Amino acid sequence: AAYILTLFFVHYWSNSFFLRRLIDIESVTKRLAANDLSARINSKESDELGKLAQAFDTMAGALESSVNKRNQLEESLRESEHLRHLREQQEIVQTSLDGFLIANVVNGQILEVNDIYCRMTGFSRDEIIQKNIQDLDAQETTDETKERLKRIREIGYDRFETRHRHKQGKTVDFEVSVTYSEFNRGNIFVF
């Protein structure tokens, strides 16, 4: 009877040990299927089930590495496409026959300008970037410019005629079209 009882316990223990390991493998497999790419079995056993678990871990590691590389490549591609799009936009603005600038709608600080506007006013790009709209506008007072910027923020656009200062002291007449963009850090686009 002791022998049969011992056989029963050995059989029960080995089956429960085997079953526990299968349940562990199934659990990790489900985690991997649910996109938990860090899921591993980490078996130290050297029997067939242990070798299967180690092969699974090797496969899971290769899969994680492959997915990470793919994600990095996709991100690089998105960045590259974004940069290409920005370069195209910059080329359109730079080759425009109209003067163009981007300014902050709150304080009028000039953030970007095209070459045509620089030629029209006689200032270099670096000189203009250090200025704000009030420094260039020869027609409006500071308070009038602030009020105009406030209106542009409220309604989203404006069209008007004005005069800007030229580096040589004269003034240049401009017909201005302004568009406000909340999505672009609150900047205005001025043609």
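**View 1. The largest cavity has a volume of about 140 Å³.** Welcome to the inside of a predicted model. Of the 16 lining residues, I133, F160, H164, V178 and V190 are the closest to the centre of this cavity. The elements giving two or more residues to its lining are α5 (133–136), α6 (142–155), β3 (157–165), β4 (171–181) and β5 (187–190). The biggest share comes from α6, with 4 residues. By character, the lining of the largest cavity splits into 11 nonpolar, 2 polar and 3 charged residues.

**View 2. The second largest cavity has a volume of about 60 Å³.** A search of the whole structure finds 2 cavities of 30 Å³ or more. Around the second largest one sit G99, F100, L101, Y117, H164, F174, V176, V190 and F191. Its lining is made up of 7 nonpolar and 2 polar residues, with no charged ones.

**View 3. The largest nonpolar core contains 21 residues.** The members that touch the most others are L101, Y117, I128, V178 and I188. Two or more residues each come from β1 (101–104), β2 (110–113), α3 (115–121), α5, α6, β4 and β5. Among these elements, β4 gives the most to the core, with 5 residues.

**View 4. Here is I188 with its contacts.** Leaving aside residues up to four places away in sequence, I188 touches L101, I102, A103, V105, I133, L149, I152, V178, T179 and Y180. In soluble globular proteins, nonpolar side chains tend to be buried together.

**View 5. Another core, of 11 residues, lies apart from the largest nonpolar core.** Its members include V28, I41, L49 and A60.

Technical notes. Residues numbered from 1 in each chain as written. Predicted model: local features only at pLDDT ≥ 70, side-chain atom pairs only at ≥ 80, totals over all residues. Heavy atoms only, no water. 1 Å grid on protein atoms, 1.4 Å probe; cavity = no way out; pocket = protein on both sides within 12 Å on 5 of 7 lines; lining within 4 Å. Points joined across faces, edges and corners; volume = space filled by probe spheres on them. Nonpolar A, V, L, I, M, F, W, Y, C, P; charged D, E, K, R; others polar. Core = buried A, V, L, I, M, F, W, Y, C linked by side-chain atoms within 4.5 Å. Buried < 20%, exposed > 50% of the residue type's maximum accessible area, 1.4 Å probe, protein only. Contact = heavy atoms within 4.5 Å.
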